[in-house]
Amino acid sequence: MFRLARAPDLMLAQHWINLLQQAGIACHLTGQHLQGVAGEIPVDQCGPDLWLEHERDRDLAMRLIEGDAGDQSGSRSHWCCDSCGEWLEPQFTVCWRCGAERPA
Ligand SMILES: [Zn+2]
């Protein structure tokens, strides 16, 4: 098992799972059930995490989910830093990790 990425929210995580499964990539989601425990566990400490069955699928999987993120580049959607690959909240215009500006 290979941990590919942590999704910014559960809906997107499930969307990614669908995308990857359509491409024939074996993948799993963890942490999705914990989010139902409102107030008990901070959401940012329990996933959802996207796992691949085989690490060799990593490059294709990343292309799929990054390409998908590019399709919804509205001002309110999460975005992926071009420089370091960090996922960022919609309200940020600069990557907190490496300082790169949000792609247009
Ligand atoms: Zn960055």
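Let's start with a cysteine: the sulfur of C80 sits 7.0 Å from the closest cysteine sulfur, in C81, which is too far for a bond. A disulfide here means a pair of cysteine sulfur atoms within 2.5 Å, and by this rule the count comes to zero. In general, a disulfide is a covalent bond between the sulfur atoms of two cysteines.

Before going on, note that this is a predicted model, where local features need pLDDT of at least 70 and side-chain atom pairs count only at pLDDT 80 or more, while totals for chains, interfaces and linings use all residues. Residues are numbered from 1 along each chain as its sequence is written, and side-chain values use heavy atoms, with hydrogens and water left out.

**The zinc site**

So what are the protein donors of the zinc ion? They are C81 (SG), C84 (SG), C95 (SG) and C98 (SG), lying 2.3 Å from the ion. (Donors are N, O and S atoms within 2.8 Å of the metal, or 3.2 Å for Na, K and Ca; water is not among the atoms, so sites may look incomplete.) Angles between the four donor atoms run from 104 to 116 degrees, which makes the arrangement tetrahedral; that label needs all angles between 85 and 135 degrees. Along the chain, the donors follow the spacing C-x2-C-x10-C-x2-C. C84 is in the loop between β4 (79–80) and β5 (87–88) and C95 in the segment after β5, so this pair ties together parts 11 residues apart in sequence. Strands such as these are DSSP runs of E (at least two residues), helices are runs of H or I (at least four), and both are numbered from the N terminus.

**Buried or not?**

Buried means under 20% relative accessible area, exposed over 50%, and partly exposed in between (1.4 Å probe, protein chains only).

| Residue | Relative accessible area | Status |
|---|---|---|
| C27 | 7% | buried |
| C80 | 14% | buried |
| C84 | 30% | partly exposed |
| C95 | 2% | buried |
| H78 | 17% | buried |

**H78 and its surroundings**

H78 lies in the loop between α2 and β4. Its side chain makes a polar contact with the side chain of E89 (3.4 Å). Such a contact is a pair of N or O atoms within 3.5 Å; within protein, one must be able to donate a hydrogen and the other to accept it, and residues adjacent in sequence count only if both atoms are side-chain atoms. Not counting residues up to four places away in sequence, H78 touches P8, D9, W87, L88, E89 and P90, where contact means heavy atoms within 4.5 Å.

Key
Tetrahedral: all angles 85-135°; square planar, octahedral: opposite > 155°, others 65-115°.
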